[in-house]
Amino acid sequence: MTNHNEVPVTSVLTPDLLARIRERAAGYDSANVFPTEDFEELVAAGYLKAMLPRDLGGFNWGMRQAVEAQRLLAAHAPATALAVNMHLVWTGVARLLAERGDNRLAMVQEWVSDGEVMAFGISEAGNDSVLFDSMTTAQLADDCSYSFTGLKIFTSLAPAWTKLGIFGKSTEGDQQLLVHGFVDRSDPGVETIENWDTLGMRASQSHSTRLNGARVSAGRIHSKLPVGPNADPLIFGIFASFLTLTASVYVGIVDRATEIASETPRRRRSLSQGGATYSNDPTIRWQIADAGMLKLALDAHARTIAGDLDDRVDHGASWFPRLVTFRTDAGNKAREAVQLALQVSGGGQYYRGTELERLYRDVLASLYHPSDAESAHNTLANWLVGPIQTANES
């Protein structure tokens, strides 16, 4: 169902704000520092509260508006968009659950309304089960609190978050449970390891987070689920919000790469063609058209996924395949679009410091977000032909 009570995206991400954000992007990337000014301006604009209902100080954005906004922000500064994305993901999960009658994350909406900044402490090196298992331990105490010990990687927004969503594995009797909760930055046993020195998306400052017996009170434990795949609404909410909003960052890169691919050949002139612009070259035009096709295909994909989430369309068993396909498709098309833009823009873009050089590095991060290509293909194969069977089973 379409939301008719939302604040328009363009009245929040104004042209002046976006211009300042784009102007600063190269400096943040070069210095490998957090985009502090971008973040402060986005906070002042109310961007971090955008997915909250109006009575909590938000803009009442659903996934349609959040996707539109993240595309627009990423087209101006991908790393800034990816950093704030992890906060928006939590507000997206809370909204998706609340719309379906599940209020276990109402505290997230209240925290964000009060100015808290959320982040994701989910990813772990070597954990290809993602949400269905954990290498972090969760130890139950007599007061029903849990102490978490483990290492979380890719904690985007690391310099700014105030509350971190985490999970770990607890053995209780003959059960193994995945325990989900939130830690505060100031909690004992929570340490940011400043190790983010990467090829691209540098300003996201996605440092690792070490949990060393970090205690989460019973009131901040929101879910306890069995190890392995399950149909709990929280799992759907996290996958739906994370995959959709993360994909939107890469759709925004496609938007910008296509724009550059269209603009640059109009300024370049061919000596061999008597000074005619390269925009008249049939081969160049073909490549620009290819970039445009990528943009339009992703535009349709993004609108469909976001709209179906807002409208609570029941896709049954195909929901997860649809979500991972969107995330995978966005990354693949973004890498292709940036390469096409480089090809039609000339050797000058090969130099350090150009926008396309930065986009080329930034877009490579799409290879590593969950669900990666292997996981996505496994999800689709299981949906289409069923899980792998042993010789005896088949």
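# Exercises: odd backbone spots, a kinked helix and shared linings

Met201 sits in the loop between strand 6 (190-193) and strand 7 (208-216); helices here are DSSP runs of H or I with at least four residues, strands are E runs with at least two, and both are numbered from the N terminus. You're looking at a predicted model, in which local features need pLDDT of at least 70 and side-chain atom pairs pLDDT 80 or more, while totals for chains, interfaces and linings use all residues. Residues are numbered from 1 along each chain as its sequence is written, and side-chain values use heavy atoms, leaving out hydrogens and water.

## Exercise 1: Two positive phi values

Compare Met201 with Val130. What is phi at each, and is each one buried, partly exposed or exposed?

**Solution**

Step 1. Start with the general rule: most residues other than glycine have a negative phi, and most peptide bonds are trans.

Step 2. Now check Met201. Its phi is near 50 degrees, a positive value in a residue that isn't glycine.

Step 3. Do the same for Val130. Phi of Val130 is also positive, near 50 degrees, and again this residue is not glycine.

Step 4. Place Val130 in the chain. You'll find Val130 in the loop between strand 1 (118-121) and strand 2 (137-140).

Step 5. Look at the surface. Met201 has a relative accessible area of 0%, so it counts as buried (buried is under 20% relative accessible area, exposed over 50%, partly exposed in between, using a 1.4 Å probe and protein chains only). Val130 reaches 23%, so it counts as partly exposed.

## Exercise 2: Follow helix 5

Where is helix 5 kinked, and how many of its residues are buried? Then find the residue with a positive phi just after helix 5.

**Solution**

Step 1. Find the kink. Helix 5 has one of about 35 degrees, centred on Met86; the bend at a residue is the angle between axes fitted to the seven residues ending there and the seven starting there.

Step 2. Count the covered residues. Of the 22 residues in helix 5, 20 are buried, which leaves the helix mostly covered.

Step 3. Step off the end. Gly101, just after helix 5, has a positive phi of about 80 degrees.

## Exercise 3: Who lines the open spaces?

Which residues lie nearest the centre of the largest pocket, and which lie nearest the centre of the second largest pocket? For each pocket, also find which helix gives the most to the lining.

**Solution**

Step 1. Settle the terms. On a 1 Å grid over the protein atoms alone, a cavity is a set of points where a 1.4 Å probe fits but cannot get out, a pocket is an open set with protein on both sides within 12 Å along at least five of seven lines, and lining residues have an atom within 4 Å of a point.

Step 2. Take the largest pocket. Its lining has 27 residues, and Phe132, Pro229, Phe239, Phe320 and Thr379 are the ones nearest its centre. Two or more lining residues come from each of helix 5, helix 7, helix 9 (319-345) and helix 11 (373-385). Helix 11 has the largest share, with five residues.

Step 3. Move to the second largest pocket. Here 26 residues form the lining, with Phe154, Ala365, Tyr368, His369 and Pro370 nearest the centre. The elements that give two or more residues are helix 5 and helix 7. With four residues, helix 7 gives the most.

Step 4. Finish with the largest cavity. Among its lining residues are Tyr28, Asp38, Thr80, Arg202 and Arg358. Helix 2 (15-31), helix 5 and helix 10 each give two or more residues to this lining.

## Exercise 4: Around helix 10

Which peptide bond is cis, and where does Ser371 lie? Then look at Thr354: is it buried or exposed, and how many residues along the chain lie between it and Ala26?

**Solution**

Step 1. Check omega. From Pro370 to Ser371 the peptide bond is cis, with omega near -5 degrees.

Step 2. Locate Ser371. It belongs to the loop between helix 10 (355-362) and helix 11.

Step 3. Go back along the chain to Thr354, in the loop between helix 9 and helix 10. Thr354 counts as buried because its relative accessible area is 17%.

Step 4. Link up the chain. Thr354 and Ala26 are 328 residues apart along the chain, yet their C-alpha atoms are separated by 8.2 Å.
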